[in-house]
Amino acid sequence: MNHTSILQFRTANCKNCYKCIRNCPVKAIKVTNQQAQIIEEQCILCEKCIAVCPQHAKVEHNDIPELQKVIASGKKVIASVHPAYFARYGWKSIDDLEQCLKKMGFWKVVDAAEGAAMMKEKYTQFLKNQQQKTMRISSNCPVVVRLIEKKYPHLTEHLMPVYSIKQMHAVYLKEQYPDAVLVYISPCISVMADAEEGQAQMDYVITFRELNNWMKDVSEKPKRSTGEKGEVYLSRMTAVSGGLIQAMQPVEGQKYLAVDGIEQCKKILKELKTGEYEDYFIEMNACTNGCIGGGSYSLNQEKKLLDALIAIKELSMEDGEPDYQKDYHMEVPEIPERRFIQEELYPGKAITKEQFTHVLHEMGKYTKEDELNCGACGYDTCRAKAIAVIQGKAEVSMCIPYMREKQENYANIIIDAMPGLLVTIDYDFNIIQMNKAAQDLFDISRKKHLLGKPVGEIMDDYSMINMIAFNREIIQDCIYLGEQKRYIERVLTNDRKNKLILCIMKDVTKEKEREKRENRAKADAVRMADKLAEEQLRIVHEIASLLGETAADTKVVIEELKQTILQEIK
């Protein structure tokens, strides 16, 4: 198989999250254009990023479509099932699982504890035969192997040169069934990582999670066994932390120690140095509680942890104590010693002081006090983040406190540049913020106590109270500030989400004064018009009076003249 991309992220809305980086033990994730991507050559396949991703943005290698084609072609397909399946499904016998898988087209189902039995025999033989005692670390967990190869390459010489359960079982099954197609069913995807090694391999690998989804199409699900719990095989203990040590026959003078959990493993590996702890064999499991805590199990847990631990122990040790006779006794094939690769986790040119300082300054870190080391970006320290930026794995914008401060400063610059006045008030009617124009108006340089104080100390708050009381969106009004001798037009906006009132104001004192002057001029004009009308009316009356007297006199004269003429005619 060619696993060119075992695990990746698909495009998702992962802005300002960085959970994957925070949880990645080797920081094998880069962010480009605010999109997280796994750096495959640095990834140790622990699946921590997948477990915490809120977007469920995983894209992992999936052999099932190809495997279904193989089954449909009629080839004999054998499933090698990791013993952690007892914890995953809770079945007491592999026979139950075999019945289900045969309905899905598998030819045979076998317990991968067979491979574990061969592996632990190899371990025991190696410890017995080593000429000089030296510290040894188990090599069964692919995540631990990759972690040591990539981050602690000086410790690769201490890894046991023994192949994993999957690899050992593959060699055995290839000899027994040379024409069969082999499928390994695993609690995690990390076993795909050893596909590049030259030893015989399984043809396909699927996880318990993938198998569970596949089995949804099967009409009859397997039922849990009742009555007898089935045969006991000690090597099944390799599914839990410390189980490998319990399954191995102790070697005289050899000390044993079990470590589980990726952070614990990292801590121990940091402390280990060549020449120390020579008589210790250290069993390491990247997952807490061992393989039963693997990614495929922990992401979709169907059985309680306590029940899982009990099930494994009961099916491995009949009386609670290891019985080396009650186990798979396989003929261990002749396999060459396993070789490991020493890798540089971060290959490339050395980072210069100038580069480092420049990036720190880009992140707003000019002094030690500026380095908050909050971890919001996913890196433990600001300096580790700066290194990641130089390596092309991170972006400056991932520094959330710096970007927030930058945005706030930018917003404040815009707000202060506003010609209008802005005052922000909370729902308790206290002043939260004032822009420069408002500060100048209310002389906040002299009255610094105004921030946090009731808004009623600087202006009328009746409209604000009315807005909250009646849940209004917007109110417009005009008020007079007696102390400043100013007229202010206000637009009040109700920001319910943040429980704030935005008061945008405009000084309209000049407009109001001009309006007053215009009103006075109009009043004077009206008074003048009234006075002129009265004067004109008086003159008209006088003229009318004079005209009335003249008309009367004329009428008398004409009447007299008329009478005189009439008398003369007679």
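In this predicted model, Asp 507 is partly exposed, with a relative accessible area of 27%, and its side chain meets that of Arg 486 in a salt bridge with an N to O distance of 2.6 Å. The pair links distant parts of the chain, since Asp 507 belongs to strand E16 (residues 500–507) and Arg 486 to strand E15, 21 residues apart. Arg 486 likewise counts as partly exposed, at 34% relative accessibility. Just before Arg 486, in the loop between strand E14 (474–481) and strand E15 (486–495), lies Lys 485, which has a positive phi of about 55° although it is not a glycine. Most residues other than glycine have a negative phi. With a relative accessibility of 62%, Lys 485 counts as exposed.

A positive phi is also found at Phe 429, with a value of about 65°, and this residue is not a glycine either. Phe 429 is placed in the loop between strand E12 (421–426) and strand E13 (431–434), and it is buried, with a relative accessible area of 18%.

The count of salt bridges in the model comes to 17. One of them joins Arg 209 to Glu 47, with the closest N and O atoms 3.7 Å apart. This pair again links distant parts of the chain, Arg 209 being in helix H9 and Glu 47 in the loop between strand E3 (35–38) and helix H2 (48–52), 162 residues apart. Both Arg 209 and Glu 47 are buried.

Another salt bridge is found between the side chains of Asp 524 and Arg 527, at 1.8 Å from N to O. Here the partners both lie in helix H19 and are three residues apart, about one turn of the helix. Asp 524 is partly exposed, with a relative accessible area of 35%, whereas Arg 527, at 51%, is exposed. Elsewhere, Lys 120, Glu 121 and Asp 327 are joined into one network by salt bridges that share partners.

Helix H19, which spans residues 509–569, also holds Arg 520. Together with Arg 514, Lys 516 and Arg 517, Arg 520 forms a positive surface patch, and its relative accessibility of 48% makes it partly exposed. A nonpolar patch on the surface is formed by Ile 539, Ile 543 and Leu 547, which together have about 270 Å² of accessible area. Leu 547 is placed in helix H19 and is exposed, with a relative accessible area of 56%.

Among the aromatic residues, the count comes to seven pairs. Phe 106 and Trp 214 form one that is tilted, with 5.7 Å from centre to centre and 55° between the planes. The two residues are 108 residues apart and come from distant parts of the chain, Phe 106 from the loop between helix H5 (94–103) and strand E6 (108–111), and Trp 214 from helix H9 (residues 208–215). Both Phe 106 and Trp 214 are buried. The rings of Tyr 277 and Tyr 280, by contrast, have their planes at 75° and their centres 6.4 Å apart, so that this pair is edge-to-face. Tyr 277 is partly exposed at 40% relative accessibility, and Tyr 280 is partly exposed at 26%. One aromatic cluster is made up of Tyr 123, Tyr 256 and Phe 281.

Finally, Ala 112 occupies the loop between E6 and helix H6 (113–129) and is buried, with a relative accessible area of 0%. Its C-alpha atom is separated by 7.0 Å from that of Ile 165, although Ala 112 and Ile 165 are 53 residues apart along the chain.

Key:
Residues numbered from 1 in each chain as written. Predicted model: local features only at pLDDT ≥ 70, side-chain atom pairs only at ≥ 80, totals over all residues. Heavy atoms only, no water. Patch = residues over 30% accessible without salt bridge, like charges linked within 9 Å, V, L, I, M, F, W, Y side chains within 5 Å. Areas by Shrake-Rupley, 256 points an atom, 1.4 Å probe, with all protein chains shown as cover. Salt bridge = Lys/Arg side-chain N within 4 Å of Asp/Glu carboxyl O. Lys, Arg positive; Asp, Glu negative; His and termini not counted. Charge placed at Lys NZ, Arg CZ, Asp CG, Glu CD. Helix = DSSP H or I, 4+ residues; strand = E, 2+ residues; numbered from the N terminus. Buried < 20%, exposed > 50% of the residue type's maximum accessible area, 1.4 Å probe, protein only. Phe/Tyr/Trp six-rings, centres within 6.5 Å; stacked < 30°, edge-to-face > 60°.
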